[in-house]
Structure formats: C-alpha cells, structure tokens
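Biologist: I'd like a close look at a single part of this protein, with the terms spelled out as you go. Please start from one residue and work outward.

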Amino acid sequence: MNVAQIISAKRDGSELAESDIQQLVAGYATGDVPDYQMAAFAMAVFFQGMTIAETTVLTRAMLDSGEQLDWPTGNPVADKHSTGGIGDKVSIPLAPLLACCGVSVPMISGRGLGITGGTLDKLESIQGYRCDLSLDEFRSVVNFCGCSISGATGAIAPADKKLYALRDVTGTVPSIPMITASILSKKVAEGIDSLVLDVKWGSGAFMKTLERAQELARSLVTVGNQLGVSTTAVITDMNQPLGRMIGNAVEVDESVALLKGEAPTDLTQLTMELCIRILEATGVEPDHNNAAELLQRQIDTGAGLKKLTEMVANHGGNLDATREREKAVDIIADESGFVRRISSDRLGVAVIEMGGGRKQLGDQLNHATGIECLVKIGDEIEQGQPVARLFCDDENVAGYASYLVSAAIGISPIQPDRQPLIVETIK
Ligand code: URA
C-alpha cells in the first residue's frame with residue numbers, strides 16, 4: 001500500500017479501490033498509518049466526498065477493526081440511534097418498551113458531545129448506575145433483561161474511536177461519508193438485525209438544515225441496508241427541545257414520566273414512532289396501529305417502567321432512589337405574544353454553564369442542574385408568565401444561565417406556524 005498515493009487519489013476526486021480503503025483503515029488501527037497521513041486523508045474525503053460504494057467499504061473496514069457481538073437467543077435484535085439533540089432522552093424509555101415487546105436491545109451509547117447531552121451522563125444521575133460494563137457483563141444484562149444501555153469498550157470499532165478523535169481536532173467532523181461510517185460501524189458491531197435512526201435538523205442539531213439531514217439520512221439508510229441491517233431513518237425537528245426537561249437527573253425523571261403515561265406529547269409521540277418503526281422492521285408487529293396498541297399496553301400496565309427498573313438494577317443502580325434537583329429559578333416573559341423561536345443550542349449552552357455538560361474532556365458533571373422549558377413554539381403567553389425554570393443553586397451561574405435562556409426564547413405579536421415534529425421517514 002502506498003498511503004501517499006491513496007491520499008492524492010482522493011484529493012483529486014478519484015473513487016478509491018476497495019482494497020485501498022481496507023488497508024488504510026486496518027493500517028491506521030494498528031498504528032502503521034500515522035495520524036498525519038490519516039488527517040490528510042480525512043481532509044481529502046471532507047472536500048471530495050465518497051460514493052456510497054466507498055462509504056460502505058469504509059464502514060465495513062471500521063467495523064472489522066474490532067469485535068462484533070452475536071445473539072443466539074432467537075429474539076429479534078434492534079437498536080435506535082439519534083444524531084443528538086436538546087432534551088432527547090428517547091433511548092431511556094425506548095429500550096425497555098421494546099424489550100417488553102420481545103425485541104432485544106443491546107444499546108451502546110455515548111456521553112454528551114458539544115451542546116447535546118449524552119444518554120450515559122443522564123443514566124449516571126441514577127444512584128449506582130454503571131455505564132462501563134465489560135462486553136461479557138453487557139451480554140448477560142441483554143440476555144437477562146432484554147435490554148442494556150452501556151458505554152463503548154475499546155473492543156468495538158477501535159478504528160472509529162481513533163479516527164473520530166482525529167476528526168474532532170482536524171476540522172473534519174461534518175463529512176457525511178465519515179459520519180455514516182462512524183455511526184454505523186459501532187451500531188452494526190452490536191449484532192443487530194434492525195436499526196432506526198433519528199436524524200435531527202435545526203438549531204439544536206448537528207445538521208442545521210433539513211437538506212443536510214436528508215442527505216445524511218439517505219447515506220445512513222443505504223449503507224446500513226447494504227451491510228445487512230434493516231435500516232430506517234426518521235427525520236425530526238430539533239428547532240425546540242424535545243419534551244420539557246433538559247439536563248441529566250431531570251431527563252431521567254421525564255423518561256420515568258413517559259413510562260407512567262405522563263410525559264409531554266412530543267416526547268411520547270417520537271418515542272412511540274421510533275418503537276413502532278422497529279416493531280415493523282423486525283416483524284414483531286407489522287401493523288402500525290397494532291404496534292402502537294402493543295406499546296401503549298406496556299405503559300398502561302406498568303410493564304415498561306418495571307423493565308427500566310430491572311435494567312437499572314442490573315447495572316448496579318436504584319431507579320427509586322431520589323434524584324436531587326437544585327433550587328428552582330423561574331424565567332419570566334417580559335412581554336405578551338406568541339413564542340416564535342426557542343434557540344435550543346442556547347439552552348444547551350446554559351446547561352453546560354450550570355455544570356450539566358462538559359466544557360473540557362473529563363469535567364465532572366453536576367447531575368442535579370437543568371432546565372424545564374415551559375413553552376413550545378406557537379404558544380400564546382402573557383407578560384409575567386414563567387416560560388422556563390432553571391435548577392441551579394449558584395446565584396451567579398443562575399444569573400448568566402437565565403440571561404441565555406431568556407435570549408433563547410423569542411416572542412412576537414404574530415402566531416408562527418407550528419412545524420411537524422416528524423418530517424419524513426426514509427426506508
Ligand atoms: N456521532 C458519531 O458517532 N460519529 C460521528 O462522526 C458523528 C456523530
């Protein structure tokens with residue numbers, strides 16, 4: 001292999017041979033290809049892109065750099081991945097709901113990235129919850145409970161782990177072929193039959209425009225299916241937070257509320273939709289209405305909440321232990337009108353300022369801080385009405401966070417159109 005020639009060929013816009021991509025990725029994983037050459041390659045891909053055939057080979061090569069799980073139980077095995085958003089806690093109720101319906105969910109999840117929260121950080125607000133299960137422990141929790149949500153070990157797609165860190169510091173993260181390979185190599189390694197992707201667009205999402213989200217969704221669906229996983233993508237709106245709660249402990253509380261049938265409509269609607277897509281794809285319940293009824297039964301009977309409690313206990317945690325919240329501070333509307341805009345990215349920054357997210361790698365989180373967003377775009381509000389609530393003990397920090405949250409909520413005299421939460425499904 002001549003790495004310099006592979007880089008030059010991509011720089012000049014050529015389609016690479018399968019063997020070149022495979023050898024490059026394998027060489028990078030073993031350390032034979034140095035970071036400086038891989039960084040140059042990543043930049044060439046960033047500018048020139050990759051065909052679907054090349055992206056599929058890249059994904060397969062990253063997948064083959066590590067272990068792949070298999071599940072001999074006979075149950076369908078599925079997962080969901082979200083490209084990340086503000087207040088997106090769907091994974092926490094989704095995994096137990098699907099497990100109750102006979103679908104195994106081996107969910108390898110991540111920590112907060114930029115302004116978006118991470119499922120593992122949220123789960124760690126539960127007393128005792130361990131996210132660092134070994135692969136053997138992870139297998140046994142999935143086999144016993146039907147679902148587990150844990151962190152990646154170095155054994156899963158190690159080439160992605162290295163390349164992701166390199167992209168992060170070389171300005172090459174927003175490349176659709178590399179995002180596709182990064183997400184799918186980790187998900188396919190879970191040994192799943194079906195995958196549903198929640199590709200978000202908007203102010204609180206990675207993809208700021210609908211067009212980019214559609215492009216990413218098409219790439220993920222095509223490559224996922226080519227790798228033998230039945231893959232569907234749902235494109236959803238992230239121009240306002242999902243549900244009301246943003247933070248860590250408060251998002252676990254809202255997940256529990258969903259499993260009691262008490263969550264905000266948007267959060268429940270999206271969780272149900274993603275579960276239904278999986279029940280359809282796995283063949284557990286191909287009819288949309290029957291699938292919705294099956295899921296509703298898991299909520300009405302308390303089976304979903306019981307399953308979450310069981311999963312948490314198998315991770316060493318206690319879902320019933322009180323999760324503290326810091327002192328509540330209300331943010332008041334200074335004029336009457338209609339909510340025209342909620343800049344979710346600013347809410348994400350406010351949570352980070354309160355210690356609920358990281359400014360630097362390794363920062364310890366304060367799980368008890370957060371925001372409750374009391375309004376949605378299109379709501380009519382009166383001057384003096386609370387529009388959001390912060391949970392923050394530190395008065396100085398609360399002052400700055402209040403400023404960010406007030407600036408995030410725009411009010412106008414004209415009622416804006418309400419945008420659909422679920423924009424499109426790509427199969
Ligand atoms: N999430 C990932 O896992 N990889 C990316 O490249 C982007 C988001």
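Modeller: Let's start at alanine 157, which is buried, with a relative accessible area of 2%; buried means under 20% relative accessible area, exposed over 50% and partly exposed in between, using a 1.4 Å probe and protein chains only. Before going on, keep in mind that this is a predicted model, where local features need pLDDT of at least 70, side-chain atom pairs count only at pLDDT 80 or more, and totals for chains, interfaces and linings use all residues. Residues are numbered from 1 along each chain as its sequence is written, and side-chain values use heavy atoms, with hydrogens and water left out.

Alanine 157 is found in the loop between strand E3 and helix H8. Those labels come from DSSP runs, numbered from the N terminus: helices are H or I with at least four residues, and strands are E with at least two. What is the phi of alanine 157? Phi there is near 40°, a positive value in a residue other than glycine.

Now step back into E3, residues 147-151. E3 runs parallel to strand E2, and five bridges join the two; two strands pair if DSSP finds at least two bridges between them. One of the matched pairs is valine 105 with cysteine 147 in E3. In general, strands of a sheet pair through backbone hydrogen bonds, either parallel or antiparallel.

E2 itself, residues 105-109, is mostly covered, with five of its five residues buried. In a regular strand, side chains alternate between the two faces of the sheet. For E2, Val105, Met107 and Ser109 sit on one side and Pro106 and Ile108 on the other, and both faces are covered.

Back in E3 you'll find serine 150, which is buried with a relative accessible area of 1%. Its side chain reaches the backbone oxygen of cysteine 131 at 2.9 Å. That's a polar contact, a pair of N or O atoms within 3.5 Å; within protein, one must be able to donate a hydrogen and the other to accept it, and residues adjacent in sequence count only if both atoms are side-chain atoms. Leaving out residues up to four places away in sequence, serine 150 touches a list of residues, among them Met107, Ile108 and Ser109, plus Phe138 and His315. Touching, or contact, means heavy atoms within 4.5 Å.

On the other side of the loop comes H8, residues 158-168, whose axis comes within 10 Å of the axis of H3, residues 35-48, and crosses it at roughly 70°. Axes are lines fitted to C-alpha atoms, for helices over the stretch in contact, and angles run from 0 to 180 degrees between N-to-C directions. That makes H3 roughly perpendicular to H8; under 35 degrees counts as roughly parallel, over 145 as roughly antiparallel, 65 to 115 as roughly perpendicular and the rest as oblique. Asp35, Met38 and Ala39 in H3 meet Lys162, Leu163 and Leu166 in H8.

H3 also holds phenylalanine 41, which is buried at 3% relative accessible area. Not counting neighbours within four places in sequence, phenylalanine 41 is in contact with Ile6, Ile7, Lys10, Leu16, Leu24 and Met50. How far apart are phenylalanine 41 and serine 150? They're 109 residues apart in sequence and 31 Å apart in space, C-alpha to C-alpha.
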